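Visitor: Hi, I've just opened this one and could use a quick tour. Can you walk me through it?

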Amino acid sequence: MAIGKRTIRVDAYDKVTGRAKYTDDLCDKNALVARIVHSTIAHGYVKTVDTSEAERMPGVVKVLTCFDVPNRPIGTAGHPWHLEAAHRDVEDRLLLNRHVRFYGDDVAVVIAEDDVTADRAARAVKVEYEELPFVLDVREAMEDGAPQLHEEFKNNILGHTSIYKGNFAEAIKEEGLIKVEGWYDTPLVQHCHIENPVSYAYMEAGKVVVVASTQIPHIVRRVTAQALSLPWGSVRIVKPYIGGGFGNKQDALYEPLNAWLTTQVGGRLVKLEISREETFYATRTRHAIRFHLTSYVRPDGTFVARKFAAYSDQGAYASHGHGIAAKGMGAFPQLYPCDNLECDAYTVFTNKPVAGAMRGYGIPQAMFAGEAHIDDIAKALDVDPLEYRMRFVMPKGYAENFSMNVNYADSFRECLEKGMEEFDFKRKQKAYANQTGDIRRGVGVAVFWYNTGVWPISLESSACRMVLNQDGTIQLQMGETEIGQGADTTFAQMAADTLGIPFKHVHVISTQDTDITPFGTGAYASRQTYMGGFAIHQTALQLRDKILKHAQTLTRMPSYNLDLVDGYIVRTTDGERLMSLGKLATDVLYSMEYSEHITAESTYQCNSNAYSFGCSFAEVEVDIPMCKATLIKLTNVHDCGTLINPALAEAQVHGGMSMAIGYGLQEKMLFDEKTGRMLNDNLLDYKLCTTMDHPDLTALFVENAEPTSAYGTKSLGEPPTCSGAPAIRNAILHATGVAINETPITPHVLFERFNEENRFERLKEEQEEMQAQPVGAGAR
Amino acid sequence: MSAPQYKTVNFTLNGVETHKMIDVRSSLMDMLRDNYSLHSVKEGCAVGECGACTVLIDGEVFNACIYLAVWVEGKEVITTEGLTGPNGELSEVQQAFVDEFAVQCGFCTPGFVVAAEALIRSGKTYTRDQLRKNLAGNLCRCTGYENIINAVETALERHHAAKVNAKVE
């Protein structure tokens, strides 16, 4: 069995030795270099672009502007194509834009012979604008008379969906209800993969070839072909190893532009690598969402009616658009079921960088608001927030009609129990109940909800190819991509397991090349282990059948008495190894009678989804006068079904927890209100977590095999980012009694909130009381 | 615009003396990547923030992106490629990174491997907190640093255990 083992990654050796090749490592050093000229206003029209000085510079090959690009709007979101137009992504931007909608929008491109020339020429391009008023705030953008970003979206509302159930207005008339309401704010943050987006493009064999750091090669091929109005087969995308993506590279970022650039210089090789600064403001972000939540509960805690409103900041272009806020809203009625609901989610354009997919896709935002709100309810009722969750969070057997998901096991309670025990939660909760002094500790908990993949909203389909080599090893090809999470390794484990060959006999072809690789939509929605698993399982069975048919001829035994075990043809009646798969493969391929190159390839269309649940426990130490919250301990517990590789699963969880810590305490994109320009577009001023910002991270699992899955798995890629920030927030509430309803919870935020709640005065009073008491009376 | 100026740089690279005519404006990172195809030296920010381009210069940790190539004249430079043995044997740090699952996307890995190598070569022991402090110049978005710290701790333990064993023998 290859499944369930802590198998070393297939790419570990190449990555620790520096041999693994990423996009820029593969690009010829004499490639032409492209540099983008970005807008220096937040909103307006480009009147003129003076390229004359740039064009005069030696080494400049071409300068192209927003007046040169094809007039074919594109939608950049990394979603599968939809056969029905109504379900397609909004197409609202050109390769370069005359109507610029944020500070940093793409206006022109310089192509030069080297980096230095490209930089100088880009600075020499003079752009004249007709400026328009701009709006940065999501609620202001919705008001009548606010600056309009896209004509067809009135009041800048890109999307508005609702979930209504029961009768809210009637239900709240019940006497004795307790109303809890609050606004909860989440920040604009960035993915910060260490490899910036990079691609290079050239023409060969009549095709446009783009080698790119992307999570979604097959989707980028489609978007690129659409942007250039080319037949889809005329575009070839190659995806080597990539230096992280986290959803940012689940968008066609600059690949379509890069493809167009090579066509403008006769198919010559053009590299387009953007800087860290550009990655911050000119790629994608996580939607900042502002929530207003209201709950009416009975004194016993039961929910009577709930209201949810979300205002999601889309930035300047649609990208993944309303999908994020809609997903966040979708979790709300499911997590704590309630009969009377009014839920509305709005996604609104503003003149800010474009929000897209980011690890968690609306759920980190929704969990921050929802799980902070649960603690606020528990506080209002004066009950233990952990016990409150234990009582009211989604019960076992809960079924959801749209996704057809069922909570088969009692995942939430099992995860909470496990985490509570490891964390020593109850003891700490008690010990920190009555603290005095400047420095206080607190513990908090939060749960999360997650789906697996995108069915039934979009297509879920995965294809796999297996090719048998003469030595009995196989090549495994998937359209699903390795982006660091360890997909290649888990795919190999699954293939080895079902086929019956040793793990080392599976050669995974890590690179996707849309000319060669079977179709797969790529790395997003935490879908690949689940979706890819079906295709691998099905294809392995087909390959095994073909092998055993030949084995019948070669061993003179009926195929139903044969099996493939650990790379050998085994007679099941007595367990005798009759021949190695290597010998079979060689004999069959070179046979003068029945030669066959044994391969299998198949597509599995998945029409199911799966719930993936878990929770976070956080312990903080808050220095009240210093307004500083320090994370002491963080534990995540996940039920993502059967673990294919427990070590890789833990590693996934660590990374997600780290992102959650940044989200809770440190990270935020800041903007100049006067210009709309991003202020902290670098890794010094944008506070990405370093080794110093973390306590040790604990990742635990409850393994309830998912019954709908080929290998018992369900999503894990994104879930670890979802519940950390609210657990930290709830721990700060426990430590200080002050509810912080926004992230990141920086000293600035704590200072303001402590002031509002008179926390400094109360601290003084508490200490004076202490001193007034006789010696020994207040000692703990 | 002035024409580029070129200069010969003589230095030791991964144990081998070498010289190269380079554009004086080149960073060490550019020279190592473009002139020597040492692709382990990664660019994540180009301004000394992320540590993906970490190399050893005369045993000290530097960001190659903000170090001019001409400054390595007469010095000894080591990249991740130089830590691997002649037959592809992994160094103690590299092996520990493999064993402890400290690798995900792998883009920050070579920089971390080099930064950790400096700690091994110091001959000192480090607490976990000291390791965190010493590795704070390298950013990673995939791992939460947990397995990276574990790997460096493992490499140090193995290294010091091997030293003790060598003395006993």
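Guide: Sure. A word on terms before we start: the domain bounds I'll quote come from an automatic or database domain assignment. Also keep in mind that this is a predicted model.

Visitor: Okay, so into which domains is chain A divided?

Guide: Chain A has domain 1 (13–132 + 197–273), domain 2 (288–454 + 609–761) and domain 3 (461–605).

Visitor: How many Å apart are the centres of domain 1 and domain 2 of chain A?

Guide: Going by C-alpha centres, domain 1 of chain A and domain 2 of chain A lie 35 Å apart. They do touch: 20 residues of domain 1 of chain A are in contact with 17 residues of domain 2 of chain A. On the domain 1 side of that contact you'd find six nonpolar, eight polar and six charged residues.

Visitor: And chain B, what are its domains?

Guide: Chain B splits into domain 1 (6–83) and domain 2 (92–168). Their centres, taken over C-alpha atoms, are 22 Å apart. In that contact, 15 residues of domain 1 of chain B meet 15 residues of domain 2 of chain B.

Visitor: Which element of domain 1 of chain B gives the most to that side?

Guide: That would be strand 3 (residues 54–57) of chain B, with three residues. By class, the side of domain 1 of chain B that touches domain 2 of chain B has seven nonpolar, seven polar and one charged residues.

Visitor: Switching topic: how many residues does each chain put into the contact between A and B?

Guide: Chain A puts in 48 residues and chain B 43 residues. On the chain A side, the elements giving two or more residues are helix 1 (12–16) and helix 18 (646–665). Helix 18 of chain A gives the most, with seven residues.

Visitor: What classes of residue does chain A bring to that side?

Guide: There are 23 nonpolar, 16 polar and nine charged residues on the side of chain A that touches chain B.

Visitor: One last thing: at what angle do helix 15 and helix 16 of chain A pack?

Guide: About 35°, with their axes 9 Å apart. Helix 15 of chain A spans residues 487–499, and helix 16 of chain A spans residues 528–555.

Visitor: Is the crossing left-handed or right-handed?

Guide: Helix 15 of chain A passes helix 16 of chain A in a right-handed crossing. Among the residues making the contact are A:Phe491 and A:Met494 of helix 15, and A:Gly532, A:Gly533 and A:Ile536 of helix 16. The contact residues divide into nine nonpolar, seven polar and one charged.

Methods. Residues are numbered from 1 along each chain as its sequence is written. Chains are lettered from A and ligands numbered from 1 in the order in which they are written. This is a predicted model: local features need pLDDT of at least 70, side-chain atom pairs count only at pLDDT 80 or more; totals for chains, interfaces and linings use all residues. Two residues are in contact if their C-beta atoms, placed from the backbone, lie within 7 Å. Helices (H or I, at least four residues) and strands (E, at least two) are DSSP runs, numbered from the N terminus. Ala, Val, Leu, Ile, Met, Phe, Trp, Tyr, Cys and Pro count as nonpolar, Asp, Glu, Lys and Arg as charged, and the others, Gly among them, as polar. Axes are lines fitted to C-alpha atoms, for helices over the stretch in contact, and angles run from 0 to 180 degrees between N-to-C directions. A crossing is left-handed if the near helix is turned anticlockwise from the far one by less than a right angle, and right-handed if clockwise.
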